[in-house]
Amino acid sequence: MRTTNFKRLGTKVSPLPRFVLLIAAEVLLAMIYVGGESPTPVPCSAPEYHEFDFWLGDWDSFDFATSTKNARIRVDLILDGCVIHENYQNTDGHNRESFSIYDASRKVWHQSWVTNRGQLLIIEGNIQDGAMVLRGKDRTAAGEQRNVRGIWKPVEGGVRETAFTSLDGGKTWKPWFDLMLHPHK
């Protein structure tokens with residue numbers, strides 16, 4: 001076996017122990033490096049993804065003005081907690097589902113809303129003064145462009161959901177609906 005002469009130390013050392021020591025040092029450094037890495041972040045765990053969590057639940061929906069029950073609404077997290085799914089079963093058979101997600105790349109909430117009557121509404125926005133405010137555009141049955149603004153706000157005993165429409169580009173707004181959501185009984 002070949003040896004190396006370390007004149008300064010006055011000793012002769014075989015290259016094999018140096019090789020073993022080098023490998024051990026590399027393994028130790030790799031373990032420290034791996035242990036020092038931050039864990040993989042959980043998808044959709046940032047606080048922004050939970051701004052709309054107040055809407056989650058099993059709800060009975062009532063017309064705010066008359067207290068008449070008009071729907072059963074189930075709002076759940078799906079897709080590993082990244083998407084809010086709404087299943088809205090209206091008492092008149094006009095049902096809808098929506099899918100809401102926080103788009104971190106644009107820092108905006110997005111909701112796609114569809115119905116069993118072929119309607120589609122895409123609205124976007126953010127939390128404003130403790131309420132989720134989403135805006136978008138759709139078309140009336142007559143084909144007119146309509147601005148839509150929906151507001152979800154946590155209130156004592158549930159969630160209040162209101163919507164407004166405008167046919168003049170947002171100059172004037174008319175109530176579309178005003179609902180009070182109470183936990184389902």
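This short tour of a predicted model stops at a disulfide and then at a pocket.

**Stop 1: the disulfide**

Start by selecting C44 and C82 and showing their side chains as sticks. These two cysteines form a disulfide, with 2.0 Å between their sulfur atoms. A disulfide is a covalent bond between the sulfur atoms of two cysteines. A search of the whole structure turns up one such link, so there is no second one to hunt for.

Next, set a dihedral about the S-S bond: you should read 105°, which makes the link of C44 and C82 right-handed. Now color the neighboring elements. C44 sits in the loop between α1 (15–36) and β3 (57–63), while C82 sits in the loop between β4 (69–78) and β5, so the bond ties together parts that are 38 residues apart in sequence. Are the two cysteines buried or exposed? Turn on a surface to check: both C44 and C82 are buried.

**Stop 2: the largest pocket**

Now select N70, Y88, N90, D92, H94, R96, W113, W176, F177 and L179, which line the largest pocket. The space inside comes to about 210 Å³. Rolling a probe the size of a water molecule over the atoms shows where empty space is left.

Which elements give two or more residues to this lining? They are β5 (83–90) and β12 (174–183). Highlight β12 in its own color, since the largest share of the lining, three residues, comes from this strand.

Finally, color the lining by class: you will find five nonpolar, three polar and two charged residues.

Key. Residues numbered from 1 in each chain as written. Predicted model: local features only at pLDDT ≥ 70, side-chain atom pairs only at ≥ 80, totals over all residues. Heavy atoms only, no water. 1 Å grid on protein atoms, 1.4 Å probe; cavity = no way out; pocket = protein on both sides within 12 Å on 5 of 7 lines; lining within 4 Å. Points joined across faces, edges and corners; volume = space filled by probe spheres on them. Helix = DSSP H or I, 4+ residues; strand = E, 2+ residues; numbered from the N terminus. Nonpolar A, V, L, I, M, F, W, Y, C, P; charged D, E, K, R; others polar. Disulfide = S-S within 2.5 Å. Buried < 20%, exposed > 50% of the residue type's maximum accessible area, 1.4 Å probe, protein only.
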